[in-house]
Amino acid sequence: MTLQTSDLRPQISEKTALLEARGLTRRFGGLMAVNNVSFSVQEGEIFGLIGPNGAGKTTLFNLMTGLTPVSSGTLALNGETLTGLPPFKIATRGLGRTFQNIRLFKELSALENVKIGQHTQTSSGLWSGIFSSGRARAEEKQVEKKAWELLELTGLADRAGESAGNFSYGDQRRLEIARALALEPKILLLDEPAAGMNTGEKGALTEFIRGVRNQFDLTVLIIEHHVPLVMNLCDRIAVLNFGELIALGEPHQVQRDPKVIEAYLGA
């Protein structure tokens with residue numbers, strides 16, 4: 001499987017909002033972690049979410065994926081409200097996610113990690129698995145085939161049987177993305193995928209994310225601290241500061257916004 005890494009960005013219609021956040025808010029006691037945040041992500045785009053440390057970016061991701069309950073506001077995917085659903089149901093609706101702190105099963109092999117990522121796509125029941133029915137065997141064969149394809153895509157197929165805990169930091173990131181892709185998401189949420197990478201690795205990651213978007217016809221929402229990467233990669237960018245949305249637009253617009261400059265550099 002070969003990634004399509006063309007720099008050409010798909011034409012994005014302003015009328016095809018895939019993901020819509022409306023007034024998302026989360027309070028922790030007296031702390032307002034996310035305050036009335038609204039934005040939409042268009043089908044096929046790479047959408048960036050940036051902001052200084054403590055701006056509320058990961059909290060916002062947790063609200064979107066159901067790991068943290070919202071205090072108020074709604075989130076909809078393809079017009080279907082996701083607010084209030086548990087994380088596994090949100091995943092089955094089409095939100096795949098990686099984490100700021102890598103959450104692989106490090107004692108399991110790379111292949112097993114990606115196979116686990118397909119759990120929402122299987123339908124054989126417990127008894128079918130126990131008695132190894134024809135249906136269960138066919139499904140297991142398909143799961144393994146797809147896992148191999150995703151490992152080939154990420155360049156990890158030659159290490160399929162190796163424990164994930166033995167992988168370098170960068171390779172663990174790629175494996176986590178492969179596992180998220182196994183969910184067959186409509187939108188892929190990446191939480192600081194370039195953390196801990198050097199300049200060369202960040203450049204390769206940029207091309208990899210573009211290739212994943214093109215190959216799988218995905219929409220991508222990315223949190224990232226490395227601003228040059230986001231500016232080069234994303235079609236549009238939202239900026240959070242102290243839990244509030246302070247800017248939203250194309251990269252050239254956002255980087256010139258006085259509020260964004262102040263948030264990063266100080267008044």
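Which residue of strand 8 is the bridge partner of Leu189? In the predicted model examined here, the partner of Leu189 in strand 8 is Leu221. This pair belongs to the contact between strand 7 and strand 8, two parallel strands joined by five bridges. The sheet that contains them is described below, after an outline of the chain.

The chain has 267 residues, of which 48% are buried. Its secondary structure comprises 10 helices and 10 strands. Among contacts with a separation of 6 or more, 69% are made by residues 24 or more positions apart. The exposed surface of the chain amounts to about 12700 Å², and 51% of this area is supplied by carbon and sulfur atoms.

Six strands form an open sheet with mixed pairing, in the order 6-7-8-3-9-10. Strand 6 (95–97) and strand 10 (244–249) each have a single partner strand and stand at the edges, so one side of each lacks a neighbour in the sheet. On average, and with direction ignored, neighbouring strands of this sheet are turned by 20 degrees against each other. Helix 6 (residues 169–181) packs on the sheet, where it touches strand 6 and strand 7 (187–191). The direction of helix 6 makes about 155 degrees with that of strand 7.

Within the sheet, strand 3 (residues 46–50) runs parallel to strand 9 (residues 236–241), and four bridges join the two. Strand 3 is likewise parallel to strand 8, again through four bridges. Leu49 takes part in both pairings: its bridge partner in strand 9 is Ala238, and its bridge partner in strand 8 is Ile223. Strand 8 (residues 219–223) is mostly covered, with five of its five residues buried. In a regular strand, side chains alternate between the two faces of the sheet. For strand 8 both faces are covered, with Thr219, Leu221 and Ile223 buried on one side and Val220 and Ile222 buried on the other. Two of these residues have bridge partners already named, Leu221 with Leu189 and Ile223 with Leu49.

Helix 1 (residues 57–64) is also mostly covered, as six of its eight residues are buried. The buried positions are Lys57, Leu60, Phe61, Asn62, Leu63 and Met64. Just after helix 1, Gly66 adopts a positive phi of about 85 degrees.

Positive phi values are also found in residues other than glycine. Asn78 has a phi near 55 degrees and lies in the loop between strand 4 (72–77) and strand 5 (80–81). With a relative accessibility of 52%, Asn78 counts as exposed, because the threshold for that class is over 50%. Glu192 has a phi near 50 degrees and is placed in the loop between strand 7 and helix 7. Glu192 has a relative accessibility of 7% and therefore counts as buried, for which the limit is under 20%. Thus the two residues are set in loops, with Asn78 exposed and Glu192 buried.

A buried charged residue is found in helix 7 (residues 199–216), namely Lys202. Lys202 has no salt bridge, and the nearest side chain of opposite charge, that of Glu224, is 6.0 Å away. A salt bridge would require a side-chain nitrogen of Lys or Arg within 4 Å of a carboxyl oxygen of Asp or Glu. With neighbours within four places in sequence left aside, the contacts of Lys202 are Ala194, Met197, His226 and Leu229.

Leu156 is another buried residue, with a relative accessible area of 1%. Leu156 is situated in the loop between helix 5 (134–153) and helix 6. When neighbours within four places in sequence are left aside, Leu156 is in contact with Leu151, Phe167, Asp171, Arg174 and Leu175. Of these partners, Asp171, Arg174 and Leu175 fall within the range of helix 6, residues 169–181, the helix that packs on the sheet and touches strand 6 and strand 7. The C-alpha atoms of Leu156 and Ala110 are 8.0 Å apart in space, although the two residues are 46 residues apart in sequence.

Terms used:
Residues are numbered from 1 along each chain as its sequence is written. This is a predicted model: local features need pLDDT of at least 70, side-chain atom pairs count only at pLDDT 80 or more; totals for chains, interfaces and linings use all residues. Side-chain values use heavy atoms; hydrogens and water are left out. Two strands pair if DSSP finds at least two bridges between them. Axes are lines fitted to C-alpha atoms, for helices over the stretch in contact, and angles run from 0 to 180 degrees between N-to-C directions. Contact means heavy atoms within 4.5 Å. Buried means under 20% relative accessible area, exposed over 50%, partly exposed in between (1.4 Å probe, protein chains only). Lys and Arg count as positive and Asp and Glu as negative; His and the chain ends are not counted. Accessible areas come from the Shrake-Rupley method with a 1.4 Å probe; for residues, only the protein chains shown count as cover.
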